[in-house]
Amino acid sequence: MKIDVSKIPNFDSLPEETKTFLSNYEIEPDLTGYIPKAQFDKTASELADVKKQLKARMTEEEKKEAERLAAEQALKEELETLRKAQTLSENKARFLGLGYDEKLALETAQALVDGDMDKVFANQQIHIENIKKAERAAGVANDPTPPAGGGGETE
């Protein structure tokens, strides 16, 4: 590649020998470290293809991650349900052990699991009243019967 001498300032004022040398001098640029355009274009298109594939794969991985999170959430919900059922069962057994009837024990245990303390205390009051009724009934049943026919005479 020749030098464009028209762009050299004050070229005409240079000595004739220098003008001739510069006009005939050929520069061969050092292109080491540079790649040809064809190779660059080929590499750029390959890179674009790989990016598309990666994007598609990322979408698949995101789908798998979403599925994994959904499965994990389902397991957590199932575990929570099982824990509530176990707690309900344990509380019902405790209330039955305290003498609650079956229906009242289940209602009270459910209220306790749900955190409805008003219902728990209301059911406790019902249970206390049931115990008092049972004690009165047992007391009446154990009372001796008065002897028949008598009793009006005084001495």
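Arg68 and Glu65 sit together on helix 2, 3 residues apart, which is about one turn of the helix. In this predicted model, their side chains meet in a salt bridge, with 2.6 Å from N to O. Arg68 is partly exposed, at 42% relative accessible area, and Glu65 is partly exposed too, at 35%. A little further along the numbering, Lys76 and Glu72 make another helix 2 pair, this time 4 residues apart and again about one turn of the helix. The closest N and O atoms of the Lys76 and Glu72 salt bridge are 3.6 Å apart. Glu72 has a relative accessible area of 33%, so it counts as partly exposed, since that class runs between 20% and 50%.

Not every bridge stays within one helix. The side chains of Lys119 and Glu107 also meet in a salt bridge, at 3.6 Å from N to O. Here Lys119 belongs to helix 4 (residues 117-142) and Glu107 to helix 3, so the pair ties together parts that are 12 residues apart in sequence. Both ends have some access to the surface: Lys119 is partly exposed at 33% relative accessibility, and Glu107 is partly exposed at 30%. Back on the helix 2 pairs, Glu65, Arg68, Glu72 and Lys76 are joined into one network by salt bridges that share partners. The count for the structure comes to 7 salt bridges. As a general point, side chains of opposite charge can pair when their charged atoms come close.

Away from the charges, the largest nonpolar core has 6 residues in all: Leu88, Phe95, Tyr100, Leu104, Ala105 and Ala109. Helix 2 and helix 3 are the elements that give two or more residues to this core. Helix 3 supplies the largest share, 3 residues. Ala109, one of the core members, touches Leu88, Asn91, Lys92 and Phe95, leaving aside residues up to four places away in sequence. Of those contacts, Leu88 and Phe95 are themselves part of the core.

Thr108 is another helix 3 residue, with that helix covering residues 102-114. How buried or exposed is Thr108? Its relative accessible area is 0%, so Thr108 is buried; the cut-off for that class is under 20%. Once residues up to four places away in sequence are set aside, the contacts of Thr108 are Phe95, Tyr100, Val120 and Asn123. Among these, Phe95 and Tyr100 also belong to the largest nonpolar core. Val120 and Asn123 carry numbers that fall in the range given for helix 4, residues 117-142.

Aromatic rings come next. The structure holds 2 aromatic pairs. One of them is Phe21 with Tyr25, a tilted pair with 5.4 Å centre to centre and 35 degrees between the planes. The other is Phe95 with Tyr100, also tilted, with 4.9 Å centre to centre and 55 degrees between the planes. Where the surroundings are concerned, Phe95 and Tyr100 are both buried. Phe21, by contrast, counts as exposed because its relative accessibility is 53%, and the bar for exposed is over 50%. Tyr25 is partly exposed, with 38% relative accessible area.

Phe21 and Tyr25 turn up again on the surface, where together with Ile27 they make a nonpolar patch of about 300 Å². Ile27 is found in the loop between helix 1 (16-24) and helix 2 (37-97). At 34% relative accessibility, Ile27 counts as partly exposed.

That leaves the start of the chain. Asp12 has its place in the segment before helix 1, and it counts as exposed at 67% relative accessibility. How many Å apart in space are Asp12 and Ala38? From C-alpha to C-alpha they are 41 Å apart, with their positions 26 residues apart in sequence as the stated separation.

Technical notes:
Residues numbered from 1 in each chain as written. Predicted model: local features only at pLDDT ≥ 70, side-chain atom pairs only at ≥ 80, totals over all residues. Heavy atoms only, no water. Buried < 20%, exposed > 50% of the residue type's maximum accessible area, 1.4 Å probe, protein only. Contact = heavy atoms within 4.5 Å. Phe/Tyr/Trp six-rings, centres within 6.5 Å; stacked < 30°, edge-to-face > 60°. Patch = residues over 30% accessible without salt bridge, like charges linked within 9 Å, V, L, I, M, F, W, Y side chains within 5 Å. Areas by Shrake-Rupley, 256 points an atom, 1.4 Å probe, with all protein chains shown as cover. Salt bridge = Lys/Arg side-chain N within 4 Å of Asp/Glu carboxyl O. Core = buried A, V, L, I, M, F, W, Y, C linked by side-chain atoms within 4.5 Å.
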